[in-house]
Amino acid sequence: MLNFQLKRNTFGRLVFTGADGETHEGVVPVHAFPITAPKEGVALVTPDGHELAWINQLSDLPEDIRILVEEELASREFIPEIHRILHVSSFATPCTWEVETDRGSTAFVLKGEDDIRRLTHTTLLIADSNGIHFLVRDINTLDKASRKLLDRFL
């Protein structure tokens with residue numbers, strides 16, 4: 001049972017109203033595990049970090065509130081997902097990677113092999129030289145050429 005209301009004010013900020021009627025402006029949704037469980041475990045927190053509500057499943061929310069939370073999360077959690085590795089300039093770092101992502105084609109500079117982190121057995125997080133993260137959700141779904149390029153860095 002939902003014991004709060006969530007709305008967006010005219011300034012585009014989320015406003016939380018609890019069961020006691022107290023309101024908090026500038027509420028931020030925070031994912032516990034954004035990559036491994038993107039539809040689960042979201043906290044609504046105040047700008048100073050106090051948790052107001054915990055949401056086990058986004059699907060449990062009424063549609064209007066779920067849309068607000070998903071919009072806010074999408075604007076904060078920008079992680080393009082790599083679908084193909086088109087070219088790598090060198091197998092020594094730093095090197096430039098040309099990739100195809102779910103947001104389109106792009107190129108980024110990999111400073112070092114330490115910037116490739118294994119999150120699970122099949123999931124990788126790659127940080128570029130500007131701090132932007134790229135996700136490889138499942139290395140087994142990459143094509144053979146992409147796997148071959150990626151294996152040189154793992």
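Let's start with strand β8, residues 95-101, which has two contrasting faces: C95, W97, V99 and T101 make up the covered one, while T96, E98 and E100 make up the uncovered one. Please keep in mind that this is a predicted model. From β8 we can move to the strands that pair with it, then to an open sheet of three strands, and finally to the largest pocket, with a volume of about 370 Å³.

**Strand β8 and its partners**

- On one side of the story is β7, residues 82-88, which pairs with β8 in the antiparallel sense over five bridges.
- The link between β7 and β8 is a hairpin, with six residues lying between the two strands.
- For a landmark in this pairing, look at R84, whose bridge partner in β8 is E100.
- β8 also pairs with β9, residues 104-110, again in the antiparallel sense, and here there are seven bridges.
- Two residues separate β8 from β9 in the hairpin that they form.
- E100 is a handy residue to follow: E100 belongs to the uncovered face of β8, is the bridge partner of R84, and stands opposite S105 in β9.

**The open three-stranded sheet**

- Three strands make up this open sheet in the order β10-β11-β12, and their pairing is antiparallel.
- At the edges are β10 (116-118) and β12 (133-136), each of which pairs on one side only.
- On average, neighbouring strands of this sheet are turned by 20° against each other, with direction ignored.
- Between β10 and β11 (residues 124-127), the antiparallel pairing runs over three bridges.
- If you would like a residue pair to find in the model, try R117 and its bridge partner in β11, L125.

**The largest pocket**

- The volume of the largest pocket is about 370 Å³, and 16 residues line it.
- Nearest the centre of this pocket, among its lining residues, lie H31, P34, P38, A74 and E77.
- By character, the lining divides into eight nonpolar residues, seven charged ones and one polar one.
- Which helix gives the most to the lining of the largest pocket? Helix α1 (residues 63-76) does, with three residues.
- Both domains take part in the lining, as domain 1 (5-76) and domain 2 (82-151) each supply at least three residues.

Definitions and conventions:
Residues numbered from 1 in each chain as written. Predicted model: local features only at pLDDT ≥ 70, side-chain atom pairs only at ≥ 80, totals over all residues. Heavy atoms only, no water. Pairing = 2+ DSSP bridges. Helix = DSSP H or I, 4+ residues; strand = E, 2+ residues; numbered from the N terminus. Axes fitted to C-alpha atoms, helices over the stretch in contact; angles between N-to-C directions. Buried < 20%, exposed > 50% of the residue type's maximum accessible area, 1.4 Å probe, protein only. 1 Å grid on protein atoms, 1.4 Å probe; cavity = no way out; pocket = protein on both sides within 12 Å on 5 of 7 lines; lining within 4 Å. Points joined across faces, edges and corners; volume = space filled by probe spheres on them. Nonpolar A, V, L, I, M, F, W, Y, C, P; charged D, E, K, R; others polar. Domains from an automatic or database assignment.
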